[in-house]
Amino acid sequence: LLAVCKQPTSDGIDFYGSELWNNSAYSLGNIAIWLAMLLIVILFVYSLCVLAAMLTGNVVLQLLTSGGLNLLIPAFYLCFVAYADQFLFGYSTGFDTKVLQYFHPLFWLADGAAGFLRSENAALWTILFVGISLAAAAGSYLIYKIRSLERTGDSYVFAPVKWAILVILVFFGTSVFGLCFSYDFGFVAYVIGYAASFLISMMIIRGSFRIGFKKSIIPAVICIAVVAAATAGFAFDIFKLEKYVPKAENVASMDLYGYGFRTKGTEKITDPEEIALITDLHKKIVADFSRDDTSFEWTSFTFNYKLKNGRSVSRHYIVPIDYVKNNEEFNRLYTEYLKDDFAEMFAGIKTAGLCGSLDLLDQVSDTYMSVDIGEFSAEQKQALVDALLEDYQYDSFNEYLEAENDEVLGYIYLYGFSNLKDSMNFEIRKCNRNVLALAKEYITEYLE
């Protein structure tokens with residue numbers, strides 16, 4: 001198991017298990033922690049499977065119910081993410097396995113086999129997961145003592161459980177079909193998804209292709225009410241998620257990214273006045289727009305907040321460029337804060353690369369070349385910084401947009417920033433005269 005799955009290290013377990021028995025990380029302690037983690041996962045999963053077995057005597061339904069009990073919360077979370085992404089303007093969370101770690105120990109394996117046993121709250125997580133497992137086992141025993149034997153053809157021992165399972169199956173069936181096909185068929189996709197999932201679920205619950213019209217009316221109404229409530233909740237944003245903007249005084253730090261602007265390197269915005277200006281812009285965007293629409297020439301905003309209470313808030317919006325051009329808050333923000341401080345950013349440049357065609361040398365050709373400039377001399381670095389400052393430090397967003405309409409001749413890649421972990425690239429356009437001249441000089445030397 002250790003050889004084919006994951007390899008213990010001092011921090012947990014890695015995916016690469018080469019040199020299995022020669023690795024000093026395979027100490028008795030590490031292996032004991034790995035096995036303890038697996039045993040807790042098995043205890044948790046198996047206890048829910050036993051609980052499922054007490055609810056039904058049908059082998060197929062027992063397997064489905066076991067899987068359902070273990071994956072119910074992750075499935076609800078995935079539905080929440082999908083509904084939010086479809087119905088709420090700017091609200092896109094992505095599927096984060098770390099959220100699921102609060103509900104099931106299995107998802108801790110994504111962080112290594114040590115999982116929660118090496119986390120800061122190892123004792124608390126262990127008590128929680130073992131406690132839930134024991135509670136499920138105790139519940140199974142109590143159900144076993146009071147349950148009656150099923151009659152032939154019964155799906156579940158208890159009627160309330162049967163109808164609860166029906167509602168859950170219909171909800172997920174409708175959600176999956178509706179979310180997948182609503183862009184093509186609109187609301188009709190939810191109607192078709194509901195009809196199909198209700199019929200199939202009723203056949204499963206009743207164990208027969210004959211579901212009975214009269215006996216299906218009340219379950220159908222209940223299922224419609226649940227699905228409608230969930231869909232309407234997101235469509236009308238009853239929890240006010242779409243319009244939520246953190247108060248500036250509650251923000252500890254933040255990032256702001258968009259097409260044509262960005263915060264400086266990996267540094268976070270902490271200036272209270274800048275944060276207040278950004279939250280004002282955020283409020284105006286959510287007040288002026290209600291849904292993503294890319295039928296216009298667009299730009300984007302991504303707001304990433306870190307609040308003082310430790311929470312994180314992320315929103316992403318697509319808005320018309322004309323709206324941005326005429327937005328007083330944004331233009332003030334761009335002029336006062338968002339123009340990158342290139343002199344500071346480029347202070348640590350060590351090397352660069354060029355990529356482009358011979359068009360850079362005014363020789364028309366389809367041939368593309370890449371040039372590694374290598375280590376800079378002090379003179380070369382200063383010349384490049386001066387050229388970049390002259391060509392790319394736009395005084396306004398509109399000036400940036402005008403430059404974006406010019407023809408791209410190549411790219412320059414820069415490495416070794418003082419405040420950036422990764423490389424950065426700039427398009428070399430005809431209007432970037434200083435960088436273009438420098439690129440020609442470097443490429444000419446390279447060709448010679």
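Me: Is Lys-240 buried or exposed?

Reply: In this predicted model, Lys-240 counts as exposed because its relative accessibility is 57%, and exposed means over 50%. Lys-240 sits in the loop between H7 and E3. Its phi is near 60 degrees, a positive value in a residue other than glycine.

Me: Which other residue in that loop has a positive phi although it is not a glycine?

Reply: Asp-237, with a phi of about 50 degrees. Asp-237 also lies in the loop between H7 and strand E3, which covers 251-258. On accessibility, Asp-237 counts as buried because its value is 8%, and buried means under 20%.

Me: Where does a glycine take a positive phi?

Reply: One place is just after H5, where Gly-186 has a phi of about 65 degrees. Another is just after H6, where Gly-207 takes a positive phi of about 65 degrees.

Me: What does the protein hold in the way of helices and strands?

Reply: There are 14 helices and 10 strands. Of the 448 residues, 42% are buried. Among contacts with a separation of 6 or more, 65% are between residues 24 or more positions apart.

Me: How do I read the sides of a helix?

Reply: An α-helix has 3.6 residues a turn, so residues three or four places apart point the same way. Take H6 as the case here. Its buried residues include Tyr-190, Gly-193, Tyr-194, Ser-197, Phe-198 and Ser-201. The buried residues of H6 pack against H2, H5 and H7.

Me: Is Ala-195 in that helix buried, partly exposed or exposed?

Reply: Ala-195 lies in helix H6 and counts as partly exposed because its relative accessibility is 38%. Its C-alpha is 8.8 Å from that of Val-170, and the two residues are 25 apart in sequence. Val-170 is one of the buried residues of H5.

Me: What do the buried residues of H5 pack against?

Reply: They pack against helix H2 (59-87), helix H6 (188-206) and helix H7 (213-235). H5 itself runs over residues 159-185. Its buried residues include Leu-166, Phe-171, Phe-172 and Leu-179.

Me: Where does H5 bend?

Reply: The general idea is to compare the direction of the helix before a residue with its direction after that residue. In H5 the bend is at Leu-179, by about 40 degrees. H2 has a kink of about 60 degrees at Leu-71, shortly before the proline Pro-74.

Me: How many ångströms should a helix span, and what do H6 and H2 show?

Reply: The estimate uses 1.5 Å a residue. For the 19 residues of H6 the expected span is 27 Å, and the end C-alpha atoms are 27 Å apart, so the two agree. For the 29 residues of H2 the expected span is 42 Å, and the end C-alpha atoms are 39 Å apart, which also counts as agreement.

Me: Which residues touch the most other members of the largest nonpolar core?

Reply: Ile-285, Phe-301, Phe-303 and Tyr-305, in a core of 49 residues. Another core lies apart from it and has 28 residues, among them Leu-55, Ala-84, Ile-143 and Leu-179. Back in the largest core, and leaving aside neighbours within four places in sequence, Ile-285 is in contact with Phe-89, Phe-301, Phe-303, Tyr-317, Val-319 and Tyr-323.

Me: What is Thr-279 in contact with, beyond its neighbours within four places in sequence?

Reply: Its contacts are Val-245, Pro-246, Ala-248 and Tyr-305. Thr-279 is placed in helix H8, residues 272-288. It counts as buried because its relative accessibility is 2%. The side chain of Thr-279 also reaches the backbone oxygen of Ala-276, at 2.9 Å.

Me: How many disulfides does the structure hold?

Reply: The count is 0. The general idea is to look at the distance between cysteine sulfur atoms, and a disulfide needs them within 2.5 Å. For Cys-79 the closest cysteine sulfur is in Cys-180, at 10.0 Å, so the pair is too far apart for a bond.

Me: Are Cys-79 and Cys-223 buried or exposed?

Reply: Cys-79 is buried, with a relative accessible area of 8%. Cys-223 counts as buried too, because its relative accessibility is 1%.

How values were computed: Residues are numbered from 1 along each chain as its sequence is written. This is a predicted model: local features need pLDDT of at least 70, side-chain atom pairs count only at pLDDT 80 or more; totals for chains, interfaces and linings use all residues. Side-chain values use heavy atoms; hydrogens and water are left out. The bend at a residue is the angle between axes fitted to the seven residues ending there and the seven starting there. Helices (H or I, at least four residues) and strands (E, at least two) are DSSP runs, numbered from the N terminus. Buried means under 20% relative accessible area, exposed over 50%, partly exposed in between (1.4 Å probe, protein chains only). Contact means heavy atoms within 4.5 Å. A polar contact is a pair of N or O atoms within 3.5 Å; within protein, one must be able to donate a hydrogen and the other to accept it, and residues adjacent in sequence count only if both atoms are side-chain atoms. A nonpolar core is a set of buried Ala, Val, Leu, Ile, Met, Phe, Trp, Tyr and Cys residues joined through side-chain atoms within 4.5 Å. The expected span of a helix is 1.5 Å times one less than its number of residues.
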